[in-house]
Amino acid sequence: MFVCHLAAAVLSTSTLEVHVDPNGLDTNPGTQAAPVATLAKARDVLRSSNKLGQETATVTLADGVYYLPETLTFTPQDSGSKEHPVVYRASNPGQAVISGGLKLELDWQPYQDGIFQAQSPAGLDIDQLFIDGTKQWMARYPNYNAEDKTAPYQGFSADAFSKERAAKWADPAGGYIHAMHRSRWGGYHYRITGKDAEGDVAYEGGWQNNRQMGMHKTQRMVENIKEELDAPGEWFHDTEANTLYYMPQPSTDLSKAVVEVVRLRHLIEVHGDLKSSPAKFTVPDPGNKIDGLTLETPETQTPVQWIQFEGLRFSATRRTFMDTREPLLQSDWTVYRGGAVHLRGTEHIAIENCDFEELGGNAVFVDGYNRDAVIRGNLFKNNGATDVSFIGSFAAVRSPRFSYHTPAHPLDEVDREIGPKTDEYPADCLVQDNLMTRCGRVEKQSTGVNISMSSRITVSHNTVFDTPRAAINICDGTWGGHVIEWNDCFETVLETHDHGAFNSWGRDRYWHRASPSGPREKDESGKALISYWIEKYPDAPFWDAYQVTTLRNNRMQCDHGWDIDLDDGSSNYEIYNNLCLSGGLKTREGYKRIVTNNIILGKGYTCNVPYPKPTQDVFESNILWGLGYRASSAKLWGGIRNKNLMHNPTSPGAAPWIRAQSQTEDDADSLYGDAGFADPAAGDFTVPESSPALALGFKNFPTTGFGVTSERLKAMSQEPGVVLGFDVETNRVIKKGSHEVLGAEYKKLSTLAELSATGMDSLRGVLLVTVPKSSQLAKYGFESDDVILEIDGKETVSRGFTKLLRGFKPGKHKAEVWRGQSPHTVEFTVKK
């Protein structure tokens, strides 16, 4: 313990210095010899100096754990200046821990079956438990299996909360259900409220996904159920009896163990002053779980400026999944606006060389008005939700919509001004040289970096891997200008499906939904509404995405989707010099995606559900090795697709790519042959001067140097293997052909492109490719792009489908189909 000094702090005339140590005293002056004990006191000492911004101020944290009694807040009065910033730094990087937890002294006693129990402080609500610094697991079913990292929740079961399972639970109230989205587009979370009179589990929640379709039938898990405490490392806290139950690992000595629990959601808040009390806004979209949700729209008056956090470790925050409910416009996301470090109304805030580990929710959340934030050189590991989020205010969005299911507005009726409405959004921020791994430990709609309603965010030289969903995600086109470069993203979309290592949406003001056979929404004459509106307002796709977003010099790899996935409406992108290792590249509805000079392995290029001509899309001078081109409707392709090389290492010379010509009708100059890669197995895809790719306009680019650059993070990082994603010996994946019956064309639902286009949750059923109006199937009520799941209560499969339909007995029949990304019933009568 440091000696107490009652005299006022004497600070240097050139710099302000305050020292903090967990063993100090807040009555001390804050010198190195007599440090204060808390960060709040250090902040207050600087405030009282009245010299912030006039002299450089440094707060130095000694090694140790700083348990925060409450969230540490910074306001404009804590600001520095460009010449004299305020710096909070660790004396030894990584050894000063900012914790939202609480250390407990417990008297453990044997309970039963290897379980111990201890009395906990009255009123304590335990959300996470750490033993000797290692996270333990709430009692759950199925049990956690760390080895199965591609399984949702590392363990799931269809009977997770079945009536039979729940029969042995005395009182499950307070437990949680975690379930994947029906189509594995993220997940849902529910709080168990008890059991009803019939013994079924009652619960509330499910608002954590903005694409409401219900939970998956089998991918489910429950936790915080006492009767499921049956594995080493599991625990349960009885809040009524103030008793903690825990089954220790065999190597754990509870008499000596350090026991910590978490309390706080936020560790640090840097908040500018607001102009007035935030205005209230009620989300208007009916039919969604967020209908009627009231949100706030704060406006910054005075920002916090020039504060830096260096070398600190942030740990132990509460999980926030039950508060993840604000929709991010029409994307699939909902969010909780908060994180371990929450920035709102700031300028020039820097977070550098810090560690963010074992956080229950988001790590860094940049919210609303923020300019020139720098997040650099940090480690993010094992966090419950997203590592870094840039989320603007929807008050800055013109004519916002809040659900995928909301019909498109007539463009005559929307605000047609270009760009944002206010300045309440992040802009000109940098995310650089960060190592991000194992985000989304709780929430599966999570990513390394998420961007929504923001402008000119640069994401550079980050390594992001082992993620349940995307590594980098852009939720909407508002307002573009982002630069995504030199990132190394692999082992992505592990627990979910139909997504990308890089993923984007662009469901903006102009966007109209389409289907694999063409746009859904048509005018009275049958003309696609999107074509009508684009003819009338040709710049509409760029009202929100008015600045080009650039993807360049990245290495991307995805396990259950595409390496680069430009989904619904994504527009105004330039994509070049990227190495796609296995999942290929996809574009869906949208305009002006310029894709050139990329090396695309495995699944090739998927043009999925394009808009009618012209789209200003370009796909040229790329090298593909694997599938080549795929399109849900090649006739709708409205861009330029030419001068690409389909690589085959066994093909002598180069010849016209006949398959490409027959598929796209616009690809006269593409070639098929050996690109001459230097050493693809080692990741060297350099081509020689003799390569036919160079004659098509391809230019060599570096295929090394991706990811983190600092030695500290490189020592902890990993690299992907070269996963080609197809059979190298046969050099391609051959798609099986379709069949005809009753005047219509059908096939087995068998590819990721078809899965994404239809919105199905898995590869099952029979896809109706085309159903002409004159066909018998059309007369029965079926449509093109229907997926027939059942007929008369029996599941349908492509094998024997022709025989089934031709063998209908006279009378009434009923089919269950998937149409327009939702279930439908088709009833029809077969006459004699």
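This report describes two open sheets and several salt bridges in a predicted model.

Residues are numbered from 1 along each chain as its sequence is written, and side-chain values use heavy atoms, with hydrogens and water left out. Because the model is predicted, local features need pLDDT of at least 70 and side-chain atom pairs count only at pLDDT 80 or more, whereas totals for chains, interfaces and linings use all residues.

**Two sheets**

Strands here are DSSP runs (E, at least two residues), numbered from the N terminus, and two strands pair if DSSP finds at least two bridges between them. One open sheet of five strands has the order S8-S9-S19-S18-S12, with mixed pairing. Its edge strands, which pair on one side only, are S8 (109-112) and S12 (137-138). Strand S12 runs parallel to S18 (residues 234-238) and is joined to S18 by two bridges, with Met-138 standing opposite Trp-235 in S18.

Another open sheet of five strands has antiparallel pairing and the order S13-S17-S14-S15-S16. Here the edge strands, each pairing on one side only, are S13 (140-141) and S16 (201-205). Two bridges join S13 to S17 (residues 215-223) in an antiparallel arrangement, and Arg-140 stands opposite Glu-223 in S17.

**Salt bridges**

Side chains of opposite charge can pair when their charged atoms come close. A salt bridge is counted when a side-chain nitrogen of Lys or Arg lies within 4 Å of a carboxyl oxygen of Asp or Glu, and by this rule the count comes to 39 salt bridges. Three of them are listed below with the distance between their closest N and O atoms.

| Acidic residue | Basic residue | Closest N and O atoms |
|---|---|---|
| Asp-332 | Arg-507 | 2.8 Å |
| Glu-495 | Arg-441 | 3.7 Å |
| Asp-488 | Arg-555 | 2.7 Å |

Asp-332 lies in the loop between S28 (326-327) and S29 (334-335), and Arg-507 in the loop between S44 (499-504) and S45 (514-515), so this pair ties together parts that are 175 residues apart in sequence. Both Asp-332 and Arg-507 are buried, a term that means under 20% relative accessible area, calculated with a 1.4 Å probe on protein chains only. Asp-332 and Arg-507 also belong to a network of salt bridges that links them with Arg-211, Asp-568, Arg-588 and Glu-589.

Glu-495 forms a salt bridge with Arg-441, and the two residues, both in loops, are 54 residues apart; Glu-495 and Arg-441 are both buried.

Asp-488 forms a salt bridge with Arg-555; Asp-488 lies in S43 and Arg-555 in S48 (residues 555-558), so the pair ties together parts that are 67 residues apart in sequence. Asp-488 counts as buried at 1% relative accessibility, and Arg-555 counts as buried at 10%.

Key. Helix = DSSP H or I, 4+ residues; strand = E, 2+ residues; numbered from the N terminus. Buried < 20%, exposed > 50% of the residue type's maximum accessible area, 1.4 Å probe, protein only.
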